Amino acid sequence: MWTEGWRDHTWSQLDQEFDLIVIGGGITGAGILRESARAGLKTILFEQGDFASGTSSRSSKLVHGGLRYLKNFQLKLTSESVHERDHLLKEGRGLVTPLPFVMANFRDDKIPGWVFGIGLTAYDLLAFKWNHAAYDPAGLRSLVPQLTAPGLESGFRYFDAQTDDARLVLRVMQEAVKGGALALNYARVEGLLKTRGRVSGVAVRDLAPGSDKTTEVRGRVVVSATGAWADEMRANVGVPGRMRVLRGSHIFFPASSLPLTRAVTFLHPKDARPVFIYPWEGVTLVGTTDVDHDTAPSTDLRIGAAEAEYLMDSVRRVFPDLGLTLADVQSTLAGVRAVVDTGKVDPSKESREFVLWNESGLLTVSGGKLTTFRLMAHTALRAVRAALPKHAIPRRTMRVLDPLPAETTICNLPPDLRLRLLGRYGAEACNLVNAAHEGEVEAIAPSPSLWAELRWAARTEGVVHLDDLLARRLRLNINLPGGGLNEMEKIRAIVQPELGWDDERWAKEEAAYRELWEKYYSPFN
Ligand SMILES: Cc1cc2nc3c(=O)[nH]c(=O)nc-3n(C[C@H](O)[C@H](O)[C@H](O)COP(=O)(O)OP(=O)(O)OC[C@H]3O[C@@H](n4cnc5c(N)ncnc54)[C@H](O)[C@@H]3O)c2cc1C
């Protein structure tokens, strides 16, 4: 799709007037792009970094109803989220997968176990199903043998889902582009154009290496899907900031040190926030924190030392016999989210519902969840109708992801692997396998990703820098020890020719990736 020359080709089409300009290439922007293309609008999306380089590759990767939101009585958010989860589980097979959970309740928990029983009943009822059950400690240990912590009193089994967040963004974005939309990464919106005081376009700068192009692009409607950067964009229309930026961080253990087959959740002993520990893409994720982020939002983020300790405390609490310490951590990941600032002392008490504001013609859609991106896109499209009355209105029952090709017609692969590739690459899965050289339909162990995915992504997925490939098209920065730096020779042999980089460019990209990984994703020394 995004093969050689695609960026120049896209730039050459910027002199037309668009119906809709979307700023921000995370899940919110991708969802709006997808739905607007489906509604027949001429739409373009600009992302200042790589697609999904913001919060949408830094989430906890759950597609979930948000059981914890019930605690704050955010019933609407939970109800919408469970429906979206079930929708995505159906449409996103291979990319959005069911995740069995065990909730462990301890004798000294600040909230008694029976309260969770009521919460899970409400959770299931909102999804029109009955999918949870209560367990005693022995029953819990039959599900998760490592649950040897003293004080384990009772618990529950229930279900949610997980995904690869960056790949979800890419799939939605690529399907939008196939549907006629345009999207550019490394294209920063530096200002807004105005006509009679109303926003009527954007000023864009190309941030790809070797380019310093700028241009003005006209659009009948401009939507800011800039997430934690929303206030920065809103400042262009002269309104005061309203968002509070919160950071959440994760630590990852090799699956061999913390081997789980299902998610475990429990209340953190310090502040009774729920913590999640679960298997994801060959590693075990522990998350998350929720703290005020006091500097400007950035994609270059590192987990704080206190956050790492907080997460380690939780691991020690439930799995004391594993003897894990920070020295066992393989990688780390932090992200920021914007919530509307209502001044609550505890950041976790701020609502996670999304907002939509129209200020001098700039529509801002921010907040919400990865899980609810389709709802956010529908709401945004309804809001642009005043300016674009002829476009079709999306219906709740419509698909958001394109149907997969019949599985039986896809290359000769074991069923699980076939489904995994279909989920990530949709109709391109078979082309990916056909493009593989000998030995490349093998996992880059312990990551479940294939060497063939590296080749395919380098060739067709709009990679501008090496970290686009290693941190978002694949997730090697997290799920390989050393972020994949130990495998660089083999990676280079596959992808350098595909990317068309000379040795000098390769050396620069490799050094930049090394620095990035050490600063932001590496474990603690
Ligand atoms: C720690 C954490 C864990 C989470 N876990 C979950 C979870 O498990 N499940 C779930 O459903 N939700 C989760 N969420 C919420 C979810 O991740 C976010 O709601 C979602 O990713 C936000 O997507 P977005 O597209 O709005 O923002 P982003 O993904 O941040 O995208 C905004 C983009 O706008 C770009 N941008 C900004 N300014 C400009 C500009 N001037 N020009 C061009 N581009 C610009 C940025 O570079 C960025 O890529 C989590 C959030 C956090 C912080």
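Helices here are DSSP runs of H or I with at least four residues, strands are runs of E with at least two, and both are numbered from the N terminus. You're looking at a predicted model, in which local features need pLDDT of at least 70 and side-chain atom pairs count only at pLDDT 80 or more, while totals for chains, interfaces and linings use all residues. Residues are numbered from 1 along each chain as its sequence is written, and side-chain values use heavy atoms, with hydrogens and water left out.

**Stop 1: a pocket**

Select helix H1 (6-11), helix H13 (451-460) and helix H16 (488-499): each supplies at least two residues of the lining of the second largest pocket. A pocket is an open set of points on a 1 Å grid over the protein atoms alone, with protein on both sides within 12 Å along at least five of seven lines, and a lining residue has an atom within 4 Å of a point. H1 gives the most to this lining, three residues. To find the middle, pick Glu 4, Gly 5, Val 463, Leu 499 and Trp 501, which lie nearest the centre among the 23 lining residues. The volume is about 590 Å³, taken as the space filled by probe spheres set on the points, with grid points joined across faces, edges and corners.

Now colour the lining by class: you should get nine nonpolar, five polar and nine charged residues. For this, Ala, Val, Leu, Ile, Met, Phe, Trp, Tyr, Cys and Pro count as nonpolar, Asp, Glu, Lys and Arg as charged, and the others, Gly among them, as polar.

**Stop 2: two cavities**

Unlike a pocket, a cavity is a set of grid points where a 1.4 Å probe fits but cannot get out. The structure holds two of 30 Å³ or more.

For the largest, select Met 1, Gln 174, Tyr 425, Glu 428, Trp 456, Thr 460 and Glu 461. They surround about 40 Å³ of space, and by class they are three nonpolar, two polar and two charged residues.

For the second largest, at about 30 Å³, go to helix H14 (466-473) and helix H15 (476-479), each of which supplies at least two lining residues. Other residues to show here include Ser 57, Arg 58, Leu 333 and Tyr 521.

**Stop 3: Asn 185**

Asn 185 sits in the loop between strand E7 (182-184) and strand E8 (187-195). Its relative accessibility is 0%, so Asn 185 counts as buried; the cut-offs are under 20% relative accessible area for buried, over 50% for exposed and partly exposed in between, using a 1.4 Å probe and protein chains only. Show the side chain of Asp 50 too: it makes a polar contact with the side chain of Asn 185 at 3.2 Å. Such a contact is a pair of N or O atoms within 3.5 Å; within protein, one must be able to donate a hydrogen and the other to accept it, and residues adjacent in sequence count only if both atoms are side-chain atoms.

**Stop 4: strand E1**

Finish on strand E1 (residues 18-23), where six of six residues are buried. Which strand does E1 join through five bridges? That's strand E10 (residues 214-224), running parallel; strands pair if DSSP finds at least two bridges between them. Phe 18 stands opposite Gly 219 in E10. E1 also pairs with strand E2 (residues 43-46) in the parallel sense, over four bridges, and there Ile 23 stands opposite Phe 46.
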